[in-house]
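Here is a short briefing for a newcomer. Look over the sequence and the model first, then read the points below.

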Amino acid sequence: MDIAVLFITFLALLLLGLPIAFCLGVSSVAYLLLGGISLTIVPQRMFSGIDAFVLLCIPGFVMAGNLMNVGNITQHIVRFSNALVGHVRGGLGLANVGGSMIFSGISGTAVADAASIGSVMIPGMAKSGYDKPFAAAVTAASSTIGPIIPPSVPMIIVGSLSGISVGRMFLAGAVPGLLLGVAMMITVYWLAVKRGYPKEPRASFGTLLREGRSAFWALLMTFIILYGIIGGLFTPTEASIVASLYALLVGAFVYKGINWRNLGGILTDTVITSASLMLLVGLANLFGWILTSQQIPQLIASAILGFSDNPIVVILILNLILLFVGAFMETIAALIILFPALLGVATGIGMDPIHFGVMAVLNLMIGLTTPPVGVCLFVVSSIGKLPMLRVARAIVPFLICNLLVLLLVSFVPALSLWLPNLLMGAP
């Protein structure tokens with residue numbers, strides 16, 4: 001009965017529109033009070049949830065993303081992408097996806113990608129003759145690449161939950177992330193040809209060289225992060241601090257978008273975002289502890305493996321569970337609550353933990369673009385001043401494309417495991 005109160009309270013608060021962190025916290029406290037359990041467990045479990053060195057990556061990468069965004073990096077990325085592919089039919093749509101692929105190596109979060117790229121590309125594409133819902137849909141769909149291509153905040157959470165190397169997780173997402181971007185570009189091109197969307201004049205070699213030089217510093221940042229981790233120069237946590245310092249220097253002295261006046265706002269945004277994420281991690285850990293104490297993960301694992309022990313069937317069930325949860329719950333909370341339980345099921349059928357980690361993150365990223373709680377849909381709808389239903393309809397071809405990539409990633413482990421095994425050796 002107590003566990004029923006936990007879930008009913010959580011779902012009721014979620015339906016009322018409360019932030020997911022408060023839904024987790026209030027429902028957990030209600031369970032503890034009903035069960036006569038001391039509330040001292042609340043700060044204990046919250047602190048144990050955030051007491052992990054690797055989680056210091058989060059404020060570091062959040063700050064790096066904020067610095068590069070304010071430092072005019074988005075405009076340089078978009079211009080470089082447009083110079084590369086703008087002359088192709090639907091070129092601005094292709095540039096939108098390409099910009100997201102580059103920006104993903106900086107921010108590590110889908111929402112930051114959707115907000116920064118969307119603020120430039122949605123008005124620009126609409127002005128150039130593209131349907132505004134299409135422009136918003138491309139932006140929302142391509143933003144899901146952000147947490148797949150390293151660095152990635154959700155993959156940091158996966159590493160902290162399971163003990164998997166964050167560096168390996170970063171590398172494991174590179175090939176699936178690139179595959180996702182290419183698949184979306186194919187979808188954009190097909191829709192552009194079908195609907196007769198415009199194309200830009202071909203950029204001259206000089207323009208391409210100039211825009212490439214301006215975007216060089218953004219590309220270099222991703223290289224520094226990955227090479228530093230793979231080469232053993234620094235840990236992922238140290239990499240996030242290096243990225244922040246690099247972003248500060250480039251934003252202030254190269255792109256000249258950062259000054260003393262806006263630095264305070266950048267730091268404030270970083271503190272607020274990081275604090276909200278840490279609060280979510282702490283309260284999700286409390287919620288997860290309650291589920292573990294009631295052996296809910298074991299019941300889930302037993303139910304799935306009791307239904308079938310066929311690896312193909314089990315992987316499909318895992319995908320359906322993650323897609324369903326991703327449509328209703330924030331990514332980090334979903335990972336903390338579900339990942340440990342489902343990891344046991346995945347390893348029980350012989351899946352590599354890293355392979356499952358990439359699959360889980362990709363599932364939950366797709367959830368960011370599906371109603372009713374698709375955060376990226378809300379972001380692009382707000383930027384484009386569009387009803388969310390119109391954007392949701394326009395994003396359907398991209399959801400189909402992303403689901404096909406998800407199936408490939410799910411059933412071809414080499415897509416996730418080849419690069420980390422090549423560069424860091426077999427575990």
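Accessible areas come from the Shrake-Rupley method with a 1.4 Å probe. By that method, the chain exposes about 17,600 Å². Carbon and sulfur atoms supply 71% of this area. Keep in mind that this is a predicted model.

**Overall build**

- The chain has 22 helices and 0 strands.
- Its radius of gyration is 21 Å, close to the 22 Å that the globule rule gives for 427 residues, so the chain is as compact as a globular protein of that length.
- The C-alpha trace spans about 70 × 50 × 45 Å along its principal axes.
- Many contacts bridge long stretches of sequence: among those between residues at least 6 apart, 78% join residues at least 24 apart.

**Charges**

- The chain carries 17 positive and 11 negative charges.
- The mean positions of these two sets are 19 Å apart.

**Interior**

- Buried residues account for 54% of the 427 residues.
- The largest nonpolar core holds 146 residues.
- Leu24, Phe134, Leu318, Phe356 and Phe398 touch the most other members of that core.
- Beyond its neighbours within four places in sequence, Leu318 is in contact with Ile304, Leu342, Val345, Ala346, Phe356 and Met359.
- Phe356 thus appears twice: it is among the core residues that touch the most other members, and it is a contact of Leu318.

**Thr139, inside a helix**

- Thr139 sits in helix α8, which covers residues 132-143.
- Is Thr139 buried or exposed? Its relative accessible area is 0%, and buried means under 20%, so Thr139 is buried.
- Leaving aside neighbours within four places in sequence, Thr139 is in contact with Asn96, Ala114, Ile117, Gly118, Ile122 and Val380.

**Lys385, in a loop**

- Where is Lys385? Lys385 lies in the loop between α19 (375-384) and α20 (388-394).
- Its relative accessibility is 73%, and exposed means over 50%, so Lys385 counts as exposed.
- Phi of Lys385 is near 55°, a positive value in a residue other than glycine.

**Ala4, early in the chain**

- Ala4 belongs to helix α1, residues 2-15.
- At 30% relative accessibility, Ala4 counts as partly exposed, because 30% falls between the 20% limit for buried and the 50% limit for exposed.
- Ala4 and Phe287 are 283 residues apart along the chain, yet their C-alpha atoms are separated by 13 Å.

How values were computed: Residues numbered from 1 in each chain as written. Predicted model: local features only at pLDDT ≥ 70, side-chain atom pairs only at ≥ 80, totals over all residues. Heavy atoms only, no water. Helix = DSSP H or I, 4+ residues; strand = E, 2+ residues; numbered from the N terminus. Rg over C-alpha atoms; globule rule 2.2 N^0.38 Å. Buried < 20%, exposed > 50% of the residue type's maximum accessible area, 1.4 Å probe, protein only. Contact = heavy atoms within 4.5 Å. Lys, Arg positive; Asp, Glu negative; His and termini not counted. Charge placed at Lys NZ, Arg CZ, Asp CG, Glu CD. Core = buried A, V, L, I, M, F, W, Y, C linked by side-chain atoms within 4.5 Å.
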